[in-house]
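Hello,

Here is the structure I said I would pass on. My notes on what was found in it follow below.

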Amino acid sequence: MGTSTSRHGDLSNNEYLTQFYGPDPILIENPFWDKFLAFSISPPATGSDHRTLDTKLRPCYEVLTVNNLKTGNFGTLLKVFLKKTRELLSSTETDNTQLSWQTYNALFVIRCVTKYLVETYNEEEILQQFEANPAVQSSAVTSEETVSNLDSFIDALIEIVVDVPLKDFTYILHLEAINSLLVLLSIQMFSTQPAEKLLVYRSLMQGRNSIHSPLLMKTLLQHFIQQTKVPPGFLNHDGQGGSIVLGLASGLWSIVTLGYGRSNETDELQMAIEAATTPEERQKAREALHSRAPLAGQSLLLLLVLVNHCTSEKGPLENPYRQALFSFSAAQKDDDGMTSAPTNAASTFKLDTGALYSALCHVPNSDQTTLLLYMLLHRNQQFRTYVISRSDIEQLLVPILRTLYHAPDSNSHHIYMSLIVILILSEDDLFTKTVHDVMLKGVSWYTERAISEISLGGLLILVIIRSIQYNMLKMRDKYLHSNCLAALANMSGQFRCLHPYVSQRIVSLFETLARKYMRLEERIKLAQTLPKPNSLPVDTKVNVDGQVSSIEKSTTSLEQRETQTADVAPDLAQDLSVLQEVLRMVLEIINSGLSHQLQHNPNLLYTLLYKRSVFEPFRTHPAFEDIINNIDAVINYFTSKLEQGSSDLGENEVLATIQHGALKWPRERLKKFPDLKFKYVEEDKPEEFFIPYVWSLVVHNSGLYWSVNNLKMFVADGDILAL
C-alpha cells in the first residue's frame, strides 16, 4: 500500500502493510498513516474477487491479530478513521476529495480486517482486537476515552450514511460505510446466540446509536428510491489512466466503484429482464441492473437486516429501526415542491410515499423488493392504505404476478412472499373491486393462452390457480395452498365480468382436484380391503422330495405388507382430509361469486352449465352437498331457461339467454353462507424464517464474500449459506 497501485499478488510484501501488522506500535501522530492510506488497489468487483483478496491477505490478518493485542495498531487505525470522519463532516461543502479518499481507504482496510475477525473469532475476542491499546500511549488527547472503539466506529458509520452529503466524490464512502455495517452485523451468521445478546446489535438497538434510527431508515429508503447511479467519470476498469485526486492512485475510481457500473442504460437492462427466456439470463440482467446503482441495492439489504433482528415484542431489546419503518408517514409538499425534513430526534419520519411506490413498481422484482413491500404492507398501515388507493395498482401487481407465473425460475421463499403480498392486498374490499376495473392488453409473458385483453383481477385469478397447480405437482406446500385459496376467497365476492378463459380455469381447478380426490378415495378403499396376514394364502413351494420350503420367506413378505399398509393408510387419510378441505374451499369460492355477483358473471354461468357433470359425484357427499345444492340451484334455473328456447342455440344465444335470465334470478333460492374473509397472520417466532432468509439474500446479492468454514446459520430450507 502507500502511494503506488497495489496488486493482489504483492500485498503481503508491501512495506506499509508489513509495518501495520508488524510487532511495533504506530502512534496516531505518526506520518505513517497518511502514507499508508494513500493507496490504490485492484478493485474486488465480485464475491470471487473478494475471496481472492481475502486469500492473499489471510497471512497478514493472522499476524496482525497476534501482534495487535500488544501494538494496538488496529485500534489506532480506527482512531485515525474517526478523526478523518470528523474532519470530513465539516469539510464536505468544500469538496475535499483527498480527505474523502483517505477516509474511504481507512474504512476499506478496517472492513477487511473486521470481516476476518467476524469469520474467525468469537465476540469477546473480536472486542479485544477492537479495544487493544499500544504499550506506549499517545500524547494526543482524545474525547472518546470513555467510549469503546466499537461504539465509536458504529456511530461514525451511521454519521457518514446520514450526515455526509451524497456527492460524486462521497458515493463510494457511503457505499463502504454500508458494507462495513453489513460486515459487523454478519456476526449473527457465525454465532449461535440470538441477536439481542450480541454486542453489535445491542449497540445499534439502544443508546447513542439508536437515536439516529429514523434518519438512518429514511436515508436507506431514499437511496433505494433514488437508485443513484455510479457517478460518471469514476470508472476505469483497466486500472490505467489519470486520477482526479492530486494525480495519486491511478486506479482510485476503479476501487471506489468496486467494479460497478456499465455503459448500458437502466431502462435497457429492465427490458433485458423482461425479455429474458431463461433463469440465467434473467439473473445476469438483474445483476447488471444492480451494478448500475450499487448504493441502492446495499441500502436495501442493510435495511432488511436491521429490521428483521431483535423483533420479539417480549424481548430484552426494542428495535427502533423496525418501529421507524413501520410508522413513517407521507411527507407533505411545501409550496416549492420540496419535502420537509424531519426533526433529528423524531420517533418517526416523513417520506415521499409516491416516490417509494414508484420505486417498488419499477425496480425489477426481486426477493429484496418483495420482502420490503411485504413488511410495509403488513406493518405500515398508512403506506398500505396509500397503495390500495392508487389507480395504477397494476404497476405494482403485474411484476409480482409474472414472478409467480415463472415460479420454476424463482426460489420458494420469493414465491411464498409474493403470495403473501397478494393475500394482504386481497383483504381490502377496495382492492378486490378495483382489480376488475383495470384492463390489461397484451400480457405477452402469459403464454398458456393468447389473451388480447383481460382485467387485472382475471389475470390475478389465472396466476393464483396456476400457482395452486404448480404447488400440487412440485412443492406440495400446504401453507402455499392455504394462502392461494385465501386470496381467491377474499376476492370471490367481487368476481365481475370474468373472461371466458378465467371462468374455465376456475371450474377446471375444481375438476382437477375432484379427480385427484376420487383417485385417493379409491386407493384408501383398496388398502382397507386387503386381506389381513392370517387370511392370506401362504405362498409355499414343494420340492421333489415333498418338503415344504420358503414358508419363512413368505411370512416375512406378509409382515412387510402389513407394515406398509399400516403406514400408508394414515398418510392417505391425511392427504384425503387436506384435499377435502381444498375442494370445499374451491366450491365456496364459486358459490361466493354466484351469491354476490351472479348478474355480472355470464361466462362463469356458461362454464358451469357446460361442465355440470363434474359436480355429479359430490351431490350426496356429506362434506359438499350443502354447497353443491346452491350450485345445482343455479345450474337448474338456467338450464330451464335454455330449455324454454330453441334446442339449437349458438354460444352467443346461450350467453344472451343467461344474461336475460340473470336479471330475473331469485336470490332467495340460495342458502346463505358466511362471507369468505381471511386475514394473513404472521407465524409465531417469525425470526426463525426471516433472519436466515435475509442473510441468504445478503450473501448472494451484496457482492461481498464470507468464508463458510465457521458459519452457524442455515437458510430456511436447511442448506448452508454459500456462494
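Of the 723 residues in the chain, 53% are buried. Please keep in mind that this is a predicted model. The chain holds 29 helices and eight strands. Its accessible surface is about 33,000 Å², and carbon and sulfur atoms hold 50% of that area. Among contacts with a separation of 6 or more, 75% are between residues 24 or more positions apart.

Salt bridges

The whole structure contains 18 salt bridges. Three of them are described here, with the places of their partners.

One of them is between the side chains of Lys84 and Asp34, at 3.3 Å from N to O. Lys84 belongs to helix H4 (residues 73-91) and Asp34 to helix H2 (residues 32-36), so that distant parts of the chain, 50 residues apart, are linked by the pair. As for cover, Lys84 is buried, because its relative accessibility is 9% and the cut-off for buried is under 20%. Asp34 has a relative accessible area of 42% and is partly exposed.

Another salt bridge joins Lys115 and Glu119, whose closest N and O atoms are 3.0 Å apart. Both residues are part of helix H5 (residues 97-120), and they are four residues apart, which is about one turn of the helix. Are these two partners buried or exposed? Lys115 is buried at a relative accessible area of 3%, and Glu119 is buried at 5%.

The third pair is Glu682 and Arg379, with side chains that meet in a salt bridge at 3.1 Å from N to O. Glu682 is in the loop between helix H28 (651-663) and helix H29 (687-701), while Arg379 is in helix H17 (residues 367-379); the pair therefore ties together parts that lie 303 residues apart in sequence. Glu682 counts as buried, with 15% relative accessibility. Arg379 is partly exposed, and its relative accessible area is 35%. Elsewhere, shared partners connect salt bridges into one network made up of Asp54, Lys115 and Glu119.

A residue in helix H17

Helix H17, which holds Arg379, also contains Thr370. Thr370 is buried, because its relative accessible area of 2% falls under the 20% cut-off. Which residues does Thr370 touch, if those up to four places away in sequence are not counted? They are Asn365, His414, Met417, Ser418 and Val421.

A positive patch on the surface

Arg476, Lys516, Arg519 and Arg523 form a positive surface patch. Where is Arg476 placed? Arg476 sits in the loop between helix H22 (456-475) and helix H23 (478-492). Why can Arg476 be part of such a patch, as far as accessible area goes? Patch residues need over 30% relative accessible area, and Arg476 meets this because its value is 56%, which makes it exposed.

To recap the places to look up in the viewer:

- Lys84 and Asp34, a salt bridge between helix H4 and helix H2
- Lys115 and Glu119, a salt bridge with both partners in helix H5
- Glu682 and Arg379, a salt bridge between a loop and helix H17
- Thr370 in helix H17, with His414 among the residues it touches
- Arg476 in its loop, with Lys516, Arg519 and Arg523 in the positive patch

Regards

Conventions:
Residues numbered from 1 in each chain as written. Predicted model: local features only at pLDDT ≥ 70, side-chain atom pairs only at ≥ 80, totals over all residues. Heavy atoms only, no water. Patch = residues over 30% accessible without salt bridge, like charges linked within 9 Å, V, L, I, M, F, W, Y side chains within 5 Å. Areas by Shrake-Rupley, 256 points an atom, 1.4 Å probe, with all protein chains shown as cover. Salt bridge = Lys/Arg side-chain N within 4 Å of Asp/Glu carboxyl O. Lys, Arg positive; Asp, Glu negative; His and termini not counted. Charge placed at Lys NZ, Arg CZ, Asp CG, Glu CD. Helix = DSSP H or I, 4+ residues; strand = E, 2+ residues; numbered from the N terminus. Buried < 20%, exposed > 50% of the residue type's maximum accessible area, 1.4 Å probe, protein only. Contact = heavy atoms within 4.5 Å.
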